[in-house]
Amino acid sequence: MKANRILVPLDGSALAEMALPNVLEMLSEDAGATLNLLRAAEAPAVPAIDPIEAQVAVIHEAESYLEGVADRLREQGIKEVMTSVWYSTAAKAILEAARVRRVDLIVMSTHGRSGLRRALHGSVAESVLRRTRTPILLVSAGGAVDSARARRQATRSTAAPPADASGWKSTSSM
């Protein structure tokens, strides 16, 4: 698949930036592609603080961060880098930017949360995946943790069930 316009949402964390090496590899094969760096920004409502000032501050911080990332990418030979800050929740910003910019691919990191942590924090990656038709490359930021979890799951799903089938959980889906 040839991607001419790639969207990479970043949240300012090293974890989110783990998607960038994959993008660099893709762009090294297609020098004409455009990289769109995106950051969603929202200012929390705080009593006694002017909401406009808070909004402007988070937008300026996001713009500064993205320009720093874009400069690093340009130093590595990526010529076509665009940055944009959307004042919205992360999932909404990614979905809207992908639509408006007509991107061919979204490349993003996932924290690899599951269970209670995922229920409490939500999953931006899952929300985007469920609500877009744009292809997505999800890069696991969990690394060894996710690999260990996958090995445990593979072991569980290939093990023979107990003789009385008690405690056996089917992993097949129909």
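The exchange below concerns three loop residues and the overall make-up of a predicted model.

Me: Why is Ala-48 called exposed?
Reply: Ala-48 has a relative accessible area of 86%, and since exposed means over 50%, Ala-48 is therefore counted as exposed. The residue sits in the loop between β2 (34-41) and α2 (51-75).

Me: What is notable about the phi of Ala-48?
Reply: Ala-48 has a positive phi of about 70 degrees although it is not a glycine. Most residues other than glycine have a negative phi.

Me: Why does Arg-102, in the loop between α3 (90-101) and β4 (105-110), count as exposed?
Reply: The relative accessibility of Arg-102 is 60%, and the class of exposed residues begins over 50%, so Arg-102 belongs to that class. Arg-102, which is not a glycine, also has a positive phi, of about 50 degrees.

Me: Why is Thr-134 called buried?
Reply: Thr-134 has a relative accessible area of 16%, and because buried means under 20%, Thr-134 is placed among the buried residues. Thr-134 lies in the loop between α5 (124-131) and β5 (136-140).

Me: Which residues does Thr-134 touch, not counting those up to four places away in sequence?
Reply: With that exclusion, Thr-134 touches Ala-98, Val-103, Asp-104, Leu-105 and Ile-106, where a contact requires heavy atoms within 4.5 Å.

Me: What makes up the secondary structure of the protein?
Reply: The protein has 6 helices and 5 strands, which follow one another from the N terminus as β-α-β-α-β-α-β-α-α-β-α. Of its 174 residues, 32% are buried.

Technical notes: Residues numbered from 1 in each chain as written. Predicted model: local features only at pLDDT ≥ 70, side-chain atom pairs only at ≥ 80, totals over all residues. Heavy atoms only, no water. Helix = DSSP H or I, 4+ residues; strand = E, 2+ residues; numbered from the N terminus. Buried < 20%, exposed > 50% of the residue type's maximum accessible area, 1.4 Å probe, protein only.
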